[in-house]
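Biologist: Please take me through the salt bridges of this model, one pair at a time. I would also like to see the surroundings, briefly.

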Amino acid sequence: MLNDKTQGNLPIYTLLWVDDEIEHLKAHILFLEKKGYAVDTVTNGYDALDRCAERTYDLILLDENMPGLSGLETLQRIKDITPTTPVVMVTKSEEENIMDQAIGSQISDYLIKPVNPTQILLSLKKNIHRKEIITEQTQTAYQQNFGKMSMLIGDATRIDDWMEVYRRLVAWELQLSETDSAMKEMLAMQKEEANRDFSRFIGKNYLRWVEDKDTAGRPEMSPDIFKRRVFPLLDQGEKVFLLVIDNFRYDQWRVLMGEIADLFQIEENLYCSILPTATQYARNAIFSGLMPNVIAEMFPDLWVDEDSEEGKNLNEAPLIQTQFQRFRRQNTFTYHKVNDSSAAEHLVQQLPHLAKYDLNVCVLNFIDMLSHARTESRMVRELASNEAAYRSITLSWFRHSAVGDLFRALAASDYHIVLTTDHGSIRCQNPIRVKGDKNTNTNLRYKLGKNLDYNPKEVFDITDPHRAQLPAPNISTRYIFATNDSFFAYPNNYNYYVSYYRDTFQHGGISMEEMLIPLIELVPKRR
């Protein structure tokens, strides 16, 4: 099959127009040729099929009412030959059954006779030039807003300001990801600048936030989720379903939101994860309502130290129970962990039996497993090579696993759903050298130990863990956190280490992606 897209240096788009009265359309064809289109014409379906077998067209205009092989029959056979070529049906009839058949056979558009050149041109723009037009318009809009974004970043002095910065950066990222615009690189630079400033902001304010819950400007944080979001709903007599998707970023939420927007009324918020932005700390803080050092002191049997080989998230249901007891709550609850599609299917089957409980808590671990698999598996590393691919895999997981069924089942229920996460992740690019003894933890975005050697200008360090309400296994323990898109690398075998972990998604440190995370309330529309 041939498709010559160039004539000199100008792009040429080739159309096939199929109409048994093609001689009456010469003026239209001349108009299109003056606009830069090459137009082949045939008068019947059989000739159209021969042409489609010989070459590839950018778009086909197909008359619905032709003698011999009808337009609908021609359409079906064209789709067998070239399934991706857009077909615009041209018809005298607006009968509903004809249009249903055409749409079911995957027409891209339809025009009602008599057509005028402007209608045809609009259809071509929509079906051939859509991406070019979107790219141009989005690129222009971002260029016009670049200065405003820079001012917004420069003027951000409160956590609410940073949440707005992040929302807008993600919105531009999602728009530009659908285009071929060179503005993606400019946005990436602007996002990097924002993360540098955000890390400095966290460095100035974080300890004040965790030392005093009532300090001015303190955001909603991990230990607040039950007290501020779950318990008030239970007090109103609501049945609550708390979904915690591990390692779930705001941009991933925005992609999934499009899948469920017609099922739920949505209230979207962001909150701030505690440090380290890792499951052991942030998720345990959510379920216990306590900071990590308090968990370790009050419930030492439920806290797992960094150097322990025991799983760090095995005590989540007991931690929820401690929070209920501390607030003297009599509500009933269940806890579920979903690590694969079969577990999600089982949960969907259980939903009718769970309705008798006031609160059902479910942890969905897929994205966290994907992030870890991306580090360990060459295949997954190729599939999720950048943020757009990472979002795409997340969307595919939702569409093709039982998790999508879970949301649809919840949409048919009377639950008030709280959807959130414990932390996000960031794609790491910049290695930072660090030295530690054999007891130093392995996370690439934060380290704790008593003999850490690092450049203090490259990290956010906490020399007094008690101030940050973090456990201190030794009297000289300190924590250091990678900022922006950096990650820790040991000098031994440095080059191999860097090449292996660069471009992987990690969490534990300080960035907007890890700390500013979705907190969503969903109410089924059927209610």
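Modeller: What follows goes through the salt bridges, then one helix, a loop and a sheet.

The model is predicted: local features need pLDDT of at least 70, side-chain atom pairs count only at pLDDT 80 or more, and totals for chains, interfaces and linings use all residues. Residues are numbered from 1 along each chain as its sequence is written, and side-chain values use heavy atoms, with hydrogens and water left out.

The rule comes first. A salt bridge puts a side-chain nitrogen of Lys or Arg within 4 Å of a carboxyl oxygen of Asp or Glu. Under that rule, the count is 32 salt bridges.

Start with Asp40 and Arg51. Their side chains form a salt bridge at 3.8 Å, N to O. Asp40 sits in strand E4 (residues 37-42) and Arg51 in helix H2 (residues 45-54), so the pair ties together parts 11 residues apart in sequence. Helices (H or I, at least four residues) and strands (E, at least two) are DSSP runs, numbered from the N terminus. Arg51 is partly exposed, at 28% relative accessible area. On this scale, buried means under 20% relative accessible area and exposed means over 50%, with partly exposed in between (1.4 Å probe, protein chains only).

Next, Arg229 and Glu521. The closest N and O atoms of this salt bridge are 3.5 Å apart. The pair links distant parts of the chain, with Arg229 in helix H9 and Glu521 in strand E20 (residues 516-524), 292 residues apart. Arg229 is buried at 15% relative accessibility. Glu521 is buried too, at 13%.

Then Arg283 and Glu316. Their side chains meet in a salt bridge at 2.7 Å, N to O. Here too distant parts of the chain are linked: Arg283 belongs to helix H11, Glu316 to helix H13 (residues 316-326), and 33 residues separate them. Arg283 is buried at 0% relative accessibility. Glu316 is buried at 1%.

Salt bridges also form a network. Glu173, Lys191, Arg249, Asp251, Arg391 and Glu513 are linked in it.

Back to H11, the helix of Arg283. In H11 (residues 279-288), 10 of the 10 residues are buried, so the helix is largely enclosed by the rest of the structure. Among the buried residues are Tyr281, Arg283, Asn284 and Phe287. Gly289 follows H11, with a positive phi near 75°.

Now a loop. Arg218 lies between helix H8 (183-211) and helix H9 (225-235). Arg218 is buried at 14% relative accessibility. Leaving out residues up to four places away in sequence, Arg218 touches Trp209, Asp212, Lys213, Asp224 and Arg228. Contact means heavy atoms within 4.5 Å.

Another buried residue is Ala389, at 15% relative accessible area. Ala389 lies in helix H17 (residues 387-400). Ala389 and Ser177 are 212 residues apart in sequence but 9.9 Å apart in space, C-alpha to C-alpha.

Last, a sheet. It is open, with 3 strands in the order E15-E17-E16 and antiparallel pairing. E15 (446-449) and E16 (460-462) are edge strands with a single partner strand each, so one side of each is left without a neighbour in the sheet. The twist averages 15° from one strand to the next. Axes for such angles are lines fitted to C-alpha atoms, for helices over the stretch in contact, and angles run from 0 to 180 degrees between N-to-C directions. Two strands pair if DSSP finds at least two bridges between them. E15 and E17 (residues 478-481) are joined by 4 bridges and run antiparallel. Lys447 has Ile480 as its bridge partner in E17.
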